[in-house]
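Biologist: I should like to learn how to read charge pairs and enclosed space in a model. Please take the general idea first and then the case at hand.

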Amino acid sequence: MSLMSDRETSEILQNDTRKQLGAFLRARRESLDPQRLGMPRSGRRRTPGLRREEVAMLADVGVTWYTWLEQGRDVNPSPVVLNAIAAALQCSPLETRHLFVLAGLTPQESFQQPPCERINAGTRRILDSLMPQPASIQKPNFDIVAWNDSFCRLMGIDFSAMPEADRNCIYLYLTHPGWRSRLGDQNILCNYVSYFRAAMVDHRGDAAWENKLARFFAASSEFEAMWHQRHEVRGVENQIKNFTHPQVGCFSLQQMYWYSAPRNGARLLVYLPVDEVGEKALARLDAEGG
């Protein structure tokens with residue numbers, strides 16, 4: 001059995017990327033409300049969202065050409081045209097960047113992915129000094145590379161006793177009942193799919209990222225199905241997170257991120273109490289070591 005040539009591998013990757021681009025465009029189009037955008041009511045709509053001809057009209061491109069783009073055919077949009085399509089589809093800056101990368105174009109605010117720095121003694125002191133606030137350092141692929149004791153107590157996991165390959169927020173949510181039970185929000189899986197899709201676009205063809213995604217698929221058929229069905233992208237952001245802990249009950253914490261690079265580098269995650277309930281919960285976990 002002969003191995004594929006570099007050219008064949010490249011063509012397969014390009015075909016897959018074009019399909020991802022088409023699926024993303026279709027998902028964005030179907031998510032829009034025609035009435036909110038001022039589209040005339042002309043006949044019964046068989047599918048949700050805008051019609052292809054309406055997107056083409058808003059972006060000032062040909063209907064046939066846009067249809068080919070959405071079908072994943074080999075067409076090459078220019079940056080000007082792609083910006084017009086992004087505007088027609090009401091794309092956010094992150095979604096526009098995702099669109100550019102899938103189309104093989106350089107985003108307007110491109111950046112180089114910084115290498116992940118080794119965790120040194122100074123970083124360890126910072127994490128420990130933040131206690132009793134739970135804190136960790138994560139890679140863009142959601143690998144957890146460092147943590148303090150408060151973070152272990154919050155999530156009920158001794159990371160030092162766990163294989164390095166398993167120290168990943170998404171993988172733990174898919175495989176570890178204790179981790180999953182402590183997160184009270186119902187949309188976490190949807191969010192993880194959109195977070196990872198947005199992060200992975202810069203690593204198309206990267207074996208490490210492809211293997212990570214395959215591991216998620218193997219761990220959860222629900223994650224795999226959602227990956228193929230949903231094409232939203234989101235960036236991680238500061239927000240209120242709800243927790244349910246077996247010893248201290250339900251409470252909320254403010255999730256705060258700091259980045260080691262201008263965008264999308266390794267990030268420091270700290271959880272801060274937002275009220276007296278959260279303060280007491282963290283104080284009790286710190287006092288009981290539980």
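Biologist: Is R18 buried or exposed?

Modeller: In this predicted model, R18 counts as buried because its relative accessible area is 16%, and the limit for that class is under 20%.

Biologist: Which residue forms a salt bridge with R18?

Modeller: Side chains of opposite charge can pair when their charged atoms come close. Here the partner of R18 is D74, with 3.6 Å between the closest N and O atoms. R18 belongs to helix α1 (residues 6–31), whereas D74 sits in the loop between α3 (63–70) and α4 (79–88), so the pair ties together parts that are 56 residues apart in sequence. D74 counts as exposed because its relative accessibility is 57%.

Biologist: How many salt bridges are there by this rule?

Modeller: The count is 13. Another of them joins E70 to R52, where the closest N and O atoms are 2.9 Å apart. This pair links distant parts of the chain, 18 residues apart, with E70 in helix α3 and R52 in helix α2 (residues 52–59). E70 is buried, at a relative accessible area of 1%, while R52 is partly exposed, at 26%.

Biologist: Which residues are linked with E70 in a network of salt bridges?

Modeller: The network links E70 with R29 and R52.

Biologist: How should one read the salt bridge between K280 and E276?

Modeller: The closest N and O atoms of K280 and E276 are 3.1 Å apart. The two residues lie in helix α13 (residues 276–288) and are 4 residues apart, so about one helical turn separates them. Both are exposed.

Biologist: Let us turn to enclosed space. How many cavities of 30 Å³ or more does a search of the whole structure find?

Modeller: Rolling a probe the size of a water molecule over the atoms shows where empty space is left. In this model the search finds 1 cavity of 30 Å³ or more, and the volume of the largest cavity is about 250 Å³.

Biologist: Which residues lie nearest the centre of the largest cavity?

Modeller: They are Y192, K241, Q255, Y257 and Y271, out of a lining of 20 residues. By class, that lining has 14 nonpolar, 4 polar and 2 charged residues.

Biologist: Which element gives the most to the lining of the largest cavity?

Modeller: Helix α10 does, with 4 residues. The elements that each supply at least two lining residues are α7 (149–155), α10 (188–200), β3 (239–245), β4 (249–259) and β5 (267–273).

How values were computed: Residues numbered from 1 in each chain as written. Predicted model: local features only at pLDDT ≥ 70, side-chain atom pairs only at ≥ 80, totals over all residues. Heavy atoms only, no water. 1 Å grid on protein atoms, 1.4 Å probe; cavity = no way out; pocket = protein on both sides within 12 Å on 5 of 7 lines; lining within 4 Å. Points joined across faces, edges and corners; volume = space filled by probe spheres on them. Nonpolar A, V, L, I, M, F, W, Y, C, P; charged D, E, K, R; others polar. Salt bridge = Lys/Arg side-chain N within 4 Å of Asp/Glu carboxyl O. Buried < 20%, exposed > 50% of the residue type's maximum accessible area, 1.4 Å probe, protein only.
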